[in-house]
Amino acid sequence: AVENGQLSASWPAGSPGQTYQIQLAYDAKFTELETDQTLAEPGFSFAPIKGRIRYLRVRTIEPDGYEGPWGTVQKVMPIPDYTPLTILGAAVLLLLL
């Protein structure tokens, strides 16, 4: 989801006391991490970027420290770059005037 210019990921809340480890990476194998955080709430917001696909995954951590398996990897598509279309549109508009 997009909220206030930020991308927002959320997932169902776990049991009381659980936390969530979230990783955002530039590669599907998660070797080039952008973010690796532990969160108390089942949601995460991050800035969109142009031109690079990113990958997101989440897992729960039990109060005793046990780390559950990673959830399904989500592909985060880059925001579109409308610059070429804007330039083309302006050029066409100038020609029509």
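In this predicted model, Glu67 has a relative accessibility of 39% and therefore counts as partly exposed. Its side chain meets that of Arg59 in a salt bridge, with 3.1 Å from N to O, and Arg59, with a relative accessible area of 16%, is buried, because the limit for that class is under 20%.

**Salt bridges**

A search of the whole structure finds 3 salt bridges. Side chains of opposite charge can pair when their charged atoms come close. The table sets out the pairs with the N to O distance of each.

| Pair | Closest N and O atoms |
|---|---|
| Glu67 and Arg59 | 3.1 Å |
| Glu34 and Arg54 | 2.9 Å |
| Glu32 and Arg52 | 3.4 Å |

In the pair formed by Arg52 and Glu32, Arg52 lies in the loop between strand 5 and strand 6, while Glu32 lies in the loop between strand 3 and strand 4 (33–39), so the salt bridge ties together parts that are 20 residues apart in sequence. Arg52 is partly exposed at 35% relative accessibility, and Glu32 is also partly exposed, at 39%.

Glu34 forms its salt bridge with Arg54, and this pair links distant parts of the chain, with Glu34 in strand 4 and Arg54 in strand 6, 20 residues apart. Glu34 is partly exposed, with a relative accessible area of 33%, whereas Arg54, at 1% relative accessibility, counts as buried.

**Sheet**

An open sheet of 3 strands has the order 1-2-5 and is paired in antiparallel fashion; its edge strands, strand 1 (2–3) and strand 5 (43–46), each pair on one side only. Strand 1 is joined by 2 bridges to strand 2 (residues 6–10), the two running antiparallel, and Glu3 stands opposite Gln6 of strand 2.

**Largest pocket**

The largest pocket holds about 290 Å³ of space. Its lining consists of 16 residues, of which Ser8, Ala9, Ser10, Leu56 and Gln74 lie nearest the centre, and the elements that give two or more residues to this lining are strand 2, strand 6 (54–61) and strand 7 (74–76). Strand 2 supplies the largest share, with 4 residues. By class, the lining of this pocket has 9 nonpolar, 5 polar and 2 charged residues.

**Confidence**

The protein averages a pLDDT of 86, and 81% of the residues score at least 70. Among its elements, strand 3 (residues 19–25) has the highest mean pLDDT, 98, and helix 1 (residues 83–96) the lowest, 53. Where pLDDT is low, the predicted coordinates should not be read in detail.

Technical notes: Residues numbered from 1 in each chain as written. Predicted model: local features only at pLDDT ≥ 70, side-chain atom pairs only at ≥ 80, totals over all residues. Heavy atoms only, no water. pLDDT = per-residue confidence, 0-100. Pairing = 2+ DSSP bridges. 1 Å grid on protein atoms, 1.4 Å probe; cavity = no way out; pocket = protein on both sides within 12 Å on 5 of 7 lines; lining within 4 Å. Points joined across faces, edges and corners; volume = space filled by probe spheres on them. Nonpolar A, V, L, I, M, F, W, Y, C, P; charged D, E, K, R; others polar. Salt bridge = Lys/Arg side-chain N within 4 Å of Asp/Glu carboxyl O. Buried < 20%, exposed > 50% of the residue type's maximum accessible area, 1.4 Å probe, protein only.
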